[in-house]
Amino acid sequence: MNAKYDKLDNEIRYKRLLKNKQSVIVEHTNYSTQYKIGKSRFILNEKGEQDVFAFHLLNKTRNDAIRYLKKENAPVKERKTEILWSYLDTSEDLPTDISVPILKVDLNEAYWRKAIQLGIISQETEQAFLDHKFETKKDRKYCRLKALGALATIKRVKAYKYGLPDLIYVDKNGIKTNEKLKVNMPLRELYMAICEQVSNDMKHLMVNIEGCMYYYWDCLFIKEVDNKQSKIIRQMVQELGYDCTVDKDEAEVIDYGERQVFVCLKTGIEYPVM
């Protein structure tokens, strides 16, 4: 199937095609929309042609994961517990009335690194990622997150015939419809297993780093004590196979009644307390 790339901003052009074509399949994900018309495939995303490498890396990562799942001795294939995406240690003296100096520790490429550690992402795929010249750090991060996150993708598929819904699918109640959800559950569970492993590492750091108040996904927030603290933190993070950045900030916990947030004052970012 021939693939052409365009920007999501231009989607109106492809929507017009629906009325003129006998059969069109439209697939939506968080990152892209695809129009399948005959033997042609139009992939719309944020950057159009500039996003070709992201899809290349996505396909390589997906193929790596499929090969990994076929291994009998694969370390992990699915998550075993509920994933704790964030945690606020209420045993700590939390800064609810006044801000306190903190260290914000961000694990670099945590989920990508964990997938490499587990042998899910191959050296070939990792090298392709390292060799590619990205214009910005933001582009690099977007590409990496898209490639790995695609393992958990849920596609919303819609079928059309001359612009009208084409009832070619059957839902769980036996009713004909033009929509269906498409997901590869083994790959989705593998992605969640990667997240679980990172979550376990965050719990380990939370318990073993003095003054750790809160973590959110792959960020730790620690009360600043002295100048030696950063070195100790970096060493503990590296022992788990990650690199990290350590930035100074001030933080406080704000209670809005129905919810609490952990706020970094320099950036103004509010992190939800789950």
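Helices here are DSSP runs of H or I with at least four residues, numbered from the N terminus. On that basis, Ile-233 sits in helix α7, residues 229–239. All views below show a predicted model.

**Figure 1. Overview of the predicted model.** The protein has 274 residues, and 45% of them count as buried. Its secondary structure comprises 7 helices and 16 strands. The C-alpha trace spans about 70 × 45 × 40 Å along its principal axes. About 16,100 Å² is exposed, with 48% of that area supplied by carbon and sulfur atoms. Among contacts with a separation of 6 or more, 66% join residues 24 or more positions apart.

**Figure 2. Ile-233 in helix α7.** The helix covers residues 229–239. Ile-233 has 1% relative accessibility; buried means under 20%, so this residue counts as buried. Beyond residues up to four places away in sequence, Ile-233 touches Leu-103, Val-105, Ile-209 and Ile-222. Thr-29 lies elsewhere: the C-alpha atoms of Ile-233 and Thr-29 are 38 Å apart. In sequence, 204 residues separate this pair.

**Figure 3. The largest nonpolar core and the surroundings of Leu-220.** This core has 48 residues. Val-105, Leu-148 and Leu-220 have the most contacts inside it. Helix α6 gives the most to the core, with 11 residues. Leu-220 is shown with its contacts outside the neighbours within four places in sequence. They include Leu-103, Lys-104 and Val-105. Met-202, Leu-205, Met-206 and Ile-209 are also in contact with Leu-220. Cys-212, Tyr-214 and Tyr-215 complete the list. Apart from this core lies another, of 12 residues. Among the residues of that other core are Val-100, Tyr-214, Phe-221 and Cys-264.

**Figure 4. Helix α2 against helix α6.** Helix α2 covers residues 52–69, and helix α6 covers residues 185–208. Their axes are 10 Å apart, at an angle of about 95°. Angles of 65 to 115 degrees count as roughly perpendicular, so that is the arrangement of α2 and α6. On the α2 side, the contact uses Arg-62, Ala-65, Ile-66, Tyr-68 and Leu-69. On the α6 side are Pro-186, Leu-187 and Leu-190. By class, this contact has 7 nonpolar, no polar and 1 charged residues.

**Figure 5. Helix α3 against helix α6.** The axes of α3 and α6 come within 9 Å and cross at roughly 105°. The two helices are therefore roughly perpendicular to each other. Ala-110, Tyr-111, Lys-114 and Ala-115 represent α3 in this contact. They meet Ile-194, Cys-195, Gln-197, Val-198 and Asp-201 of α6. The contact residues divide into 6 nonpolar, 1 polar and 2 charged.

**Figure 6. Ile-83 in the loop between α2 and β5.** Strand β5 covers residues 86–88. Ile-83 has a relative accessible area of 10% and is buried. Outside its neighbours within four places in sequence, Ile-83 is in contact with Met-192, Cys-195, Glu-196 and Ser-199. Arg-41 is 42 residues from Ile-83 in sequence. Their C-alpha atoms are 36 Å apart.

**Figure 7. Lys-180 in strand β11.** The strand covers residues 179–183. At 35% relative accessibility, Lys-180 counts as partly exposed. Lys-155, Arg-156, Val-157 and Tyr-169 are in contact with Lys-180, leaving aside neighbours within four places in sequence. Tyr-169 is 11 residues away in sequence. The C-alpha atoms of Lys-180 and Tyr-169 are 6.9 Å apart.

**Figure 8. Positive phi at Glu-109 and at Tyr-162.** Glu-109 is a residue other than glycine, yet its phi is near 50°. Glu-109 lies in the loop between β6 (100–107) and α3 (110–117). With 16% relative accessibility, Glu-109 counts as buried. Tyr-162, also not a glycine, has a positive phi of about 50°. Its loop runs between β7 (154–161) and β8 (164–165). Tyr-162 counts as partly exposed, at 45% relative accessibility.

Terms used: Residues numbered from 1 in each chain as written. Predicted model: local features only at pLDDT ≥ 70, side-chain atom pairs only at ≥ 80, totals over all residues. Heavy atoms only, no water. Axes fitted to C-alpha atoms, helices over the stretch in contact; angles between N-to-C directions. Parallel < 35°, antiparallel > 145°, perpendicular 65-115°, else oblique. Contact = heavy atoms within 4.5 Å. Nonpolar A, V, L, I, M, F, W, Y, C, P; charged D, E, K, R; others polar. Buried < 20%, exposed > 50% of the residue type's maximum accessible area, 1.4 Å probe, protein only. Areas by Shrake-Rupley, 256 points an atom, 1.4 Å probe, with all protein chains shown as cover. Core = buried A, V, L, I, M, F, W, Y, C linked by side-chain atoms within 4.5 Å.
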